[in-house]
Amino acid sequence: MATMSQHPTPADFDSRAHARQMVLDAFRFRRAIKAFDPSRTIAPADVDYLLEAARLSPTSHGLEPFRLLVIEDRKVRLDLVERAGGVAAQMVDASHLFALTAMTSAAVMPDSDFVRHMELDIKEMPPTAFAEWQVRFRGFLTSRYGVWGNDRAIFDWAGRQAYIVLGNIMTAAALVGIDSCALEGMVYSEADAVLTEAGAIDPDNERLAVMVALGYRLEEPRRPMTRRSLGEMVQRI
Ligand SMILES: Cc1cc2nc3c(=O)[nH]c(=O)nc-3n(C[C@H](O)[C@H](O)[C@H](O)COP(=O)(O)O)c2cc1C
């Protein structure tokens, strides 16, 4: 691959065309899978790859206001189906079930333990710069995003970051032939209760944003993929 400082060679053009084709083929392969083959398991190296794709995902302010739960416990999966109304063919039969949580407003306040940890420990911001950063961050939540003082809106803002992670996981999966289905068709209050009882989340700090089932399809989707044309979807202004 050419870097900015080098002139691209014909081989670079070939590999870019190849990369484009690979990615679009993966998007066409990826379908919302309704039934997973319960006998097939994702290889550990592929699971690590999916988790790393999640970890490298971008988030607003680099705040990473989400966590990823790998739900291995069959009982928890069954409880989710029974109590939250999920579909067993996806949530129990799939090789892996990931839940993406989003931080609540308490956890993403500028002076919360989580925010302090992100800025001071993870990003290694000098403590002397932190107070000024907190004021700026509060300003973003207040006058730019308009979510300050509205717990639901702040949670939804955090949840939007989790959905970026969701998209990256599904694309990374499709690129290596792993099937997936994003899952939000459940009673969220019940799903939160199941995850809380399992000791996975503290609902004061995080709640479920979205789940994704991962594995291998049992059968081909019954309906072809449908999308609007670019003409209908895109407007240049
Ligand atoms: C955020 C999100 C949540 C979804 N939730 C569910 C779900 O709970 N159950 C389900 O069977 N499909 C779910 N889907 C799948 C969509 O219905 C599906 O992606 C859409 O109909 C397009 O079909 P395709 O993915 O096969 O192209 C979800 C998709 C997304 C992106």
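Read along the sequence, the protein chain of this predicted model follows the pattern α-α-β-α-α-β-α-α-α-α-β-α-β-α, which comprises 10 helices and 4 strands. With the whole chain in view, its C-alpha atoms fill a box of roughly 60 × 50 × 40 Å along the principal axes. Of the 237 residues in the chain, 27% are buried, and among contacts between residues at least 6 apart in sequence, 79% join residues at least 24 apart.

**The sheet**

Select the four strands next, and an open sheet appears in the order β1-β2-β4-β3, with antiparallel pairing. The edges are held by β1 (66-70) and β3, and because each has a single partner strand, one side of each is left without a neighbour in the sheet. From one strand to the next, the twist averages 25°.

Now restrict the selection to β4 (206-215) and its two partners. On one side, β4 pairs with β2 in the antiparallel sense over 8 bridges, and here you can pick out M103, whose bridge partner in β4 is E206. On the other side, β3 and β4 pair, again in the antiparallel sense, over 5 bridges; S180 stands opposite L214 of β4, and L183 has M211 of β4 as its bridge partner. How many residues of β4 are buried? Colouring by burial shows 10 of the 10 residues of β4 as buried, so this strand is largely enclosed by the rest of the structure.

**The helix across the sheet and the core**

Add α8 (151-175) to the view: this helix lies across β1, β2, β3 and β4, and it runs at about 10° to β4. In soluble globular proteins, nonpolar side chains tend to be buried together. The largest nonpolar core in this model holds 45 residues, of which L100, A158, A162, I169, V212 and A213 touch the most other members. At least two residues of this core are supplied by each of α2 (44-55), α3 (74-84), β2 (96-103), α8, β3, α9 (188-197) and β4, and α8 gives the most, with 11 residues.

For a closer look at the core, centre the view on I169. Which residues is I169 in contact with, leaving aside its neighbours within four places in sequence? They are L50, A53, A54, F98 and V212, so displaying these side chains together is a convenient way to inspect the surroundings of I169.**The ligand**

Move next to the ligand and show the residues around it, which are R31, A32, K34, C181, A182, L183, E184, G185, V210, P221 and M225. Strand β3 (residues 179-183) contributes the largest share of this shell, with 3 residues. When the shell is coloured by residue class, it divides into 7 nonpolar, 1 polar and 3 charged residues. L183 belongs to this shell and is also the residue bridged to M211 in β4.

**A last stop at M22**

Finally, select M22, which is found in helix α1 (residues 10-29). Is M22 buried or exposed? With 11 other C-beta atoms within 10 Å, M22 is exposed, whereas every one of the 10 residues of β4 is buried. To place M22 relative to another part of the chain, select V76 as well: the two residues are 54 apart along the chain, and their C-alpha atoms are separated by 36 Å.

Key
Residues numbered from 1 in each chain as written. Predicted model: local features only at pLDDT ≥ 70, side-chain atom pairs only at ≥ 80, totals over all residues. Near = placed C-beta within 6 Å. Nonpolar A, V, L, I, M, F, W, Y, C, P; charged D, E, K, R; others polar. Core = buried A, V, L, I, M, F, W, Y, C linked by C-beta atoms within 7 Å. Buried ≥ 20, exposed ≤ 12 C-beta atoms within 10 Å, placed from the backbone. Contact = placed C-beta atoms within 7 Å. Pairing = 2+ DSSP bridges. Axes fitted to C-alpha atoms, helices over the stretch in contact; angles between N-to-C directions.
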